[in-house]
Structure formats: structure tokens, C-alpha cells
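Here are some short exercises to work through with the model open beside you. Try each task before reading its solution.

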Amino acid sequence: MICLHCNNKSVEKIGMRRYYCSNCCHAFEEKVGEMILYILDKDEKYQKVYTIAKVKNL
Ligand SMILES: [Zn+2]
């Protein structure tokens, strides 16, 4: 899988439908019909950034 934010390939699976990009420190959650992009805030909580349409071939 390629990062939806920076297009880097350093994306690892961190949960059932969660992925994390170690290049730009963004995380993604796969949901029905969409992908939600998160970034970790100072308290290491997931902060929702935006939702994007689901991309094929994930
Ligand atoms: Zn990235």
C-alpha cells in the first residue's frame, strides 16, 4: 500500500483496518467506501484530519 498523504511506500499495517506511514507519521483507517486520514497529536491521540474516497487496490 502507498501512503495516501505522501505517496511513500513505508506504510505498515497497525490494526484490523489501520495503517501507519512512518515517513509522514500519518495513519489511515479503512472504512466502508472511504479512507480516513489521521495524524498523531502531542498527546499521541489520533486526530482526524480528513476523509477521502476509498482508493482501489489497497
Ligand atoms: Zn505518508
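**Exercise 1. The first hairpin**

Find how strand 1 and strand 2 are joined and how they pair.

*Solution.* Start with the connection: two residues link strand 1 to strand 2 in a hairpin. Next, look at the pairing, which is antiparallel and has four bridges. Finally, pick out a pair of facing residues: G15 sits opposite R18 of strand 2. Keep in mind that you are looking at a predicted model.

**Exercise 2. The second hairpin**

Describe the pairing of strand 2 with strand 3, then work out which residue in their hairpin takes a positive phi.

*Solution.* Strand 2 and strand 3 run antiparallel, and four bridges join them. On the pairing itself, Y19 faces F28 of strand 3. Now move to the turn: four residues lie between the strands of this hairpin, and C25 has a positive phi near 60 degrees.

**Exercise 3. C25 in its surroundings**

Is C25 buried or exposed?

*Solution.* First place the residue: C25 belongs to the loop between strand 2 (18-21) and strand 3 (26-31). Then count its surroundings: 12 other C-beta atoms lie within 10 Å of C25. The cut-off for exposed is 12 or fewer, so C25 is exposed. As a last step, check the distance to Y38: the two C-alpha atoms of C25 and Y38 are 8.9 Å apart, with a sequence separation of 13 residues.

**Exercise 4. C6 in its surroundings**

Decide how exposed C6 is, and find which residues C6 contacts beyond its neighbours within four places in sequence.

*Solution.* C6 is found in the segment before strand 1 (11-15). Its count is 14 other C-beta atoms within 10 Å. Burial needs 20 or more, and exposure 12 or fewer, so C6 is partly exposed. Setting aside those sequence neighbours, the contacts of C6 are C21, N23 and C24. For a further distance, take H26: C6 and H26 are 20 residues apart in sequence, and their C-alpha atoms are 9.1 Å apart.

**Exercise 5. The whole chain**

Summarise the elements, the burial and the contacts of the protein.

*Solution.* Begin with the elements: the protein has zero helices and five strands, giving the order β-β-β-β-β from the N terminus. Turn next to burial: of the 58 residues, 9% are buried. End with contacts: among those between residues at least 6 apart in sequence, 10% join residues at least 24 apart.

Note on methods
Residues are numbered from 1 along each chain as its sequence is written. This is a predicted model: local features need pLDDT of at least 70, side-chain atom pairs count only at pLDDT 80 or more; totals for chains, interfaces and linings use all residues. Two residues are in contact if their C-beta atoms, placed from the backbone, lie within 7 Å. Two strands pair if DSSP finds at least two bridges between them.
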